[in-house]
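Work through the exercises below with the sequence and the model open. Each task is followed by a solution in steps.

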Amino acid sequence: MAGSGGGAHHRVVGSLGPAIVNGELAPDDDLDVVALQERFGVSRTAVREALRVLAAKGLVGARPRRGTFVAPREQWNLLDDDVLSWRFAARLDEVFLDELGEVRLTVEPAVARMAALRRTDRDLAELEDALAAMRAAAGGPAGDHVEADLAFHHALLRAAHNELMARMGTAIEAGLRLRDQFVHSAIAGESADGHAEVLLAVRRRRPKAAESAMRALVERSIADVELAKRVHGGN
């Protein structure tokens with residue numbers, strides 16, 4: 001991630017990015033290069049490089065005669081890895097989790113339907129390997145299951161053989177990874193069985209069954225998120 005490495009500009013990014021995302025710096029606030037130099041004790045070059053990084057994430061903008069400022073939220077790249085991490089660092093972002101569930105419920109059943117129609121033997125092998133990894137990870141470290149879960153969804157996206165869908169799936173990977181940090185206790189048990197139902201329908205080339213199985217899987221995931229929100233809300 002851009003804000004996690006060494007170097008002066010990384011340090012500036014790692015401070016300004018979270019401040020913008022979490023509202024400490026409001027949209028339209030000015031970002032003065034000289035003031036930032038003094039605040040962080042870095043060179044003008046380091047500040048400008050940091051602002052370029054933040055601009056690539058949609059967090060800052062610039063205009064002639066005005067300079068650099070915090071961009072409005074609608075311009076932010078909300079699925080950027082760093083932006084997601086900054087949103088989740090301080091609190092559980094319930095709005096994001098709700099919106100992620102809506103996106104998954106729209107996209108992933110359609111992906112499963114297409115995969116059932118278009119999958120190859122190689123696609124099946126990748127899905128089976130990912131499912132086996134999920135089962136092997138059950139009861140182990142949460143991170144192992146998360147990686148296997150993501151591998152399954154990536155394999156399913158590839159099996160749909162739709163490049164635009166694949167791009168969309170890649171974009172939400174970071175969101176799924178962060179979501180799983182909050183629901184890891186709920187995803188390892190019956191989750192593998194739900195994925196197995198999707199795989200069975202894909203293997204048998206049954207598009208409607210694959211779509212239904214994936215919809216049920218995503219709905220269970222959304223229910224897990226709701227449970228996690230209640231648990232975290234009670235802490």
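The side chains of arginine 66 and aspartate 30 meet in a salt bridge, 2.9 Å from N to O; a salt bridge here is a side-chain nitrogen of Lys or Arg within 4 Å of a carboxyl oxygen of Asp or Glu. This is a predicted model, in which local features need pLDDT of at least 70 and side-chain atom pairs count only at pLDDT 80 or more, while totals for chains, interfaces and linings use all residues. Residues are numbered from 1 along each chain as its sequence is written, and side-chain values use heavy atoms, with hydrogens and water left out.

**Exercise 1.** Place arginine 66 and aspartate 30 in the chain, and classify the accessibility of arginine 66.

Step 1. Arginine 66 is in the loop between strand 2 and strand 3, and aspartate 30 is in strand 1, 36 residues apart. Helices (H or I, at least four residues) and strands (E, at least two) are DSSP runs, numbered from the N terminus.

Step 2. Buried means under 20% relative accessible area, exposed over 50%, and partly exposed in between (1.4 Å probe, protein chains only). Arginine 66 therefore counts as partly exposed, at 32% relative accessibility. Aspartate 30, at 53%, counts as exposed.

**Exercise 2.** Which parts of the chain does the salt bridge between glutamate 128 and arginine 203 tie together?

Step 1. The side chains of these two residues, glutamate 128 and arginine 203, meet at 3.0 Å, N to O.

Step 2. Glutamate 128 lies in helix 6 (residues 121-137) and arginine 203 in helix 10 (residues 190-203), so the pair ties together parts 75 residues apart in sequence.

Step 3. Glutamate 128 has a relative accessible area of 33% and is partly exposed. Arginine 203 is also partly exposed, at 34%.

**Exercise 3.** Check the length of helix 3 and find where its buried residues lie.

Step 1. The expected span of a helix is 1.5 Å times one less than its number of residues. For the 13 residues of helix 3 (residues 44-56) this gives 18 Å, and the end C-alpha atoms are 18 Å apart, which agrees.

Step 2. Buried in helix 3 are Ala46, Val47, Ala50, Leu51, Val53 and Leu54. They cover an arc of only 155 degrees around the axis (taken from the directions from the helix axis to the C-beta atoms), which puts them on the same side of helix 3.

Step 3. Thr45 and Ala56, on the other side of helix 3, are exposed.

Step 4. After helix 3 comes glycine 58, whose phi is positive, near 80 degrees.
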